[in-house]
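Trainee: I have a structure open and I'm not sure where to begin. Could you walk me through it?
Mentor: Gladly; let us look at it together, one region at a time.

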Amino acid sequence: MSKPVILVVDDDDDARRVIARDLDSRYAQRYRILQAASGSDALETLRQLRDENESVALILSSQRLPDMNGVEFLSQAKAFFPHAGRALLTPFSETESAINAIQNSGIDDYLIKPCHPPEEKLYPVVNDLLADWEARTHPPIEGVRVVGSRFSPEGHQIRDFLARNCVPFEWLDIEREEARRLLSTEDQKASRLPIVIFPDGTQLVQPTNAELAEKIGLKVHPEDTFYDLVIIGGGPAGLASSVYGASEGLHTVMVERHAPGGQAGLSSMIENYLGFPAGLSGADLARRAVAQAKKFEVEIVSPQVVTNLRAEGSSRIVTLSDGTELRCHVVLLATGVEWRRLDVPGLGRLVGAGVYYGGTVAEAFFCRNEDVYIVGGANSAGQAAMYFSRYARTVTMLVREASLSESMSRYLIDQIASAKNIKVRLRTTIVEVHGDGRLEAITVFNAANGEKEKLSTNALFIFIGALPHTEWVAKVVETDDHGFILTGPDLARLRGNGHVPRNWSLQRDPFWLESSQPGIFVAGDVRHGSVKRVAAGVGEGATAVQFIHQYLASAER
Ligand SMILES: Cc1cc2nc3c(=O)[nH]c(=O)nc-3n(C[C@H](O)[C@H](O)[C@H](O)COP(=O)(O)OP(=O)(O)OC[C@H]3O[C@@H](n4cnc5c(N)ncnc54)[C@H](O)[C@@H]3O)c2cc1C
């Protein structure tokens, strides 16, 4: 197979040749640049490429074509290469129709013609689209292969870890002949599975996340012992503060327990984050943010759990689960929230064996033609339902409330209403989970008619409320009754005399995002009163850095 193709479609010969030339000068080493002057010629080219088993990474099409418009062409092109990036080339005067096309036809982006100078008007968008394509389609066979059985919790943990860290992998069920050929008879025993096979032929048997991380080149141990800023948590808030902190000269390390991206990294499609009209997946957002953080030399340590935090004079000391201590001037707590556990008979022993908390992207592959159940009625559950509806035969949302509008955004309610294979059962809760070693059925209770019903299924995904899990830090910083950390004026209001926070010894008031312990700041979902949204977390992460500068500059520490 030759290099993947970038196809430029425009009937304006000069414009098309200039774009093709600019693309060629930047991307020729890795991509082949092809051109077509009409929609039908371009579709014929795509047909041939598909028949010859070639790959197409990106299609750029003018909106004005002689035989059809660019949106029609790009919609038809999707049938040939569903994963290829697709963007419209449009004159400035038609920007609005390009934006509509993005909303209505799922086209990825648009470029305003003429795309000159290419360094500003062409390459940034093309770079993004090619990076997205590579992340989506990296041929799995060149990457990591995991052999195991679908309903093993260890297998789920490996799938989840690799997916969240954007490592392309191929899952091979041990029932498949191809999987058995890769392993010795001894290795095929259930007690040895799952086994992860790397491109160089080496294997890891039942690896922990830390072992996998070392193998795929993640940094599990910090390089230094003293930093200006230690960020705990790599969700949107932590990532934003790491980018702002490091770009403004702070020696910054970010410690993350699972994988950068946090909850947002679990989202199959974020549609309300500013600047991405076609939406972007949580994995894309995390990948872009990590690249940006690394550009500014943020040290990302992951997977690694922070287990303790204390203050000694003007130093703050962070302890990792392996006992390593990091000293610093300032700590930012951005530990977010995690799913609440569902307390239902039979459920606990099937987690990872058909019952999953979150886990959308890593598990979707198994849900082809299955009947999937989702617990929850908020945006995260709605997004998951939309995502699974592409794979599953049916998706049923089990929602405790009497309507979705109590907790879900309008755009998602509309999408769910128009998806033919999604059913919503309101006022419905799960009361029992059945299965021996793997999920086989659930019993649901309908509060509207008082009836119970047993439903067969292999896949149950839980997306209910979230808790901050700040027990480990509650001796150091003040929290509210649910464990969310108090900051700024809330400290005096809720844990003080209304004017001064309890045990606060400094002359100045705490900064807005500062906790009850000077020099320990808080951003994102873990903060009392925060807005639980990606943009809000990013905003707080960025804002915290401003207060951190003020703290570092102040005489009172
Ligand atoms: C499935 C899903 C879909 C969503 N969709 C949207 C959407 O479309 N639009 C929107 O605006 N919002 C959405 N949200 C909400 C949004 O993702 C969150 O508001 C946002 O991620 C909060 O960011 P954060 O950085 O505060 O916390 P988190 O994203 O929760 O990140 C916190 C990080 O800290 C890490 N951590 C925790 N404790 C420790 C420790 N002790 N040591 C080291 N690391 C630790 C965690 O592993 C985690 O990665 C969605 C959430 C989910 C779950």
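**Around the ligand**

Mentor: Keep in mind that this is a predicted model. A good starting point is the ligand, which has 32 residues around it, and of these Glu256, Gln263, Gln383, Asp525 and Val534 come nearest.

Trainee: What classes of residue make up the shell around the ligand?
Mentor: The shell is a mixture, with 13 nonpolar residues, 14 polar residues and five charged residues.

Trainee: And which backbone atom of Pro236, polar or not, should I look for beside the ligand's oxygen?
Mentor: Look for a polar backbone atom of Pro236, which lies 3.2 Å from an oxygen atom of the ligand. In Val337, a polar backbone atom is 3.4 Å from an oxygen atom of the ligand, and for Arg533 a backbone N or O atom is placed 3.2 Å from a ligand oxygen atom.

Trainee: How much of the ligand does the protein bury?
Mentor: The ligand taken alone exposes 1,000 Å², and the protein buries 95% of that area.

Trainee: Which elements give two or more residues to that shell?
Mentor: Those elements are helix H10, which covers residues 236–247, and helix H13, which covers residues 379–389.

**One helix**

Trainee: Switching topic, how far does helix H2 reach?
Mentor: Helix H2 runs over residues 39–51, which makes 13 residues, and the distance from its first C-alpha to its last is 18 Å, close to the 18 Å expected at 1.5 Å a residue.

Trainee: Which residues of H2 are buried?
Mentor: Gly39, Ala42, Leu43, Leu46 and Leu49 are the buried ones in H2. If you look down the axis of H2, its buried residues fall within an arc of 120 degrees, so they line one face of the helix.

**Loops and unusual backbone**

Trainee: Now the loops: where does Arg368 sit?
Mentor: Arg368 is in the loop between helix H12 (360–364) and strand E18 (371–375). Its C-alpha atom is separated by 9.6 Å from that of Thr394, although the two residues are 26 residues apart along the chain.

Trainee: Why does Arg368 count as partly exposed?
Mentor: Its relative accessibility is 49%, and partly exposed covers the range between the 20% and 50% cut-offs.

Trainee: What about Asn369, which is in that loop between H12 and E18?
Mentor: Asn369 has a positive phi of about 60 degrees although it is not a glycine, and at 59% relative accessibility Asn369 counts as exposed.

Trainee: Where is His469, and what is its phi?
Mentor: His469 lies in the loop between strand E25 (466–467) and H15. His469 also has a positive phi, of about 50 degrees, without being a glycine, and with a relative accessible area of 31% it is partly exposed.

Trainee: Is Leu506 buried or exposed?
Mentor: Leu506 is buried, with a relative accessible area of 16%, and its place is in the loop between helix H15 (488–494) and strand E26 (520–522). Measuring C-alpha to C-alpha, you will find Leu506 and Thr428 52 Å apart in space, while in sequence they are 78 residues apart.

Trainee: Last topic: which residues does a cis peptide bond join?
Mentor: One such bond joins Lys113 and Pro114, with omega about -10 degrees, and Pro114 belongs to the loop between strand E5 (109–113) and helix H5 (118–121). The peptide bond from Leu193 to Pro194 is also cis, with omega near -5 degrees, and Pro194 is in the loop between helix H8 (177–182) and strand E8 (195–197).

Terms used
Residues are numbered from 1 along each chain as its sequence is written. This is a predicted model: local features need pLDDT of at least 70, side-chain atom pairs count only at pLDDT 80 or more; totals for chains, interfaces and linings use all residues. Side-chain values use heavy atoms; hydrogens and water are left out. A residue is near a molecule or strand if one of its heavy atoms lies within 4 Å of it. A polar contact is a pair of N or O atoms within 3.5 Å; within protein, one must be able to donate a hydrogen and the other to accept it, and residues adjacent in sequence count only if both atoms are side-chain atoms. Accessible areas come from the Shrake-Rupley method with a 1.4 Å probe; for residues, only the protein chains shown count as cover. Helices (H or I, at least four residues) and strands (E, at least two) are DSSP runs, numbered from the N terminus. Ala, Val, Leu, Ile, Met, Phe, Trp, Tyr, Cys and Pro count as nonpolar, Asp, Glu, Lys and Arg as charged, and the others, Gly among them, as polar. The expected span of a helix is 1.5 Å times one less than its number of residues. Buried means under 20% relative accessible area, exposed over 50%, partly exposed in between (1.4 Å probe, protein chains only). The arc is that of the directions from the helix axis to the C-beta atoms.
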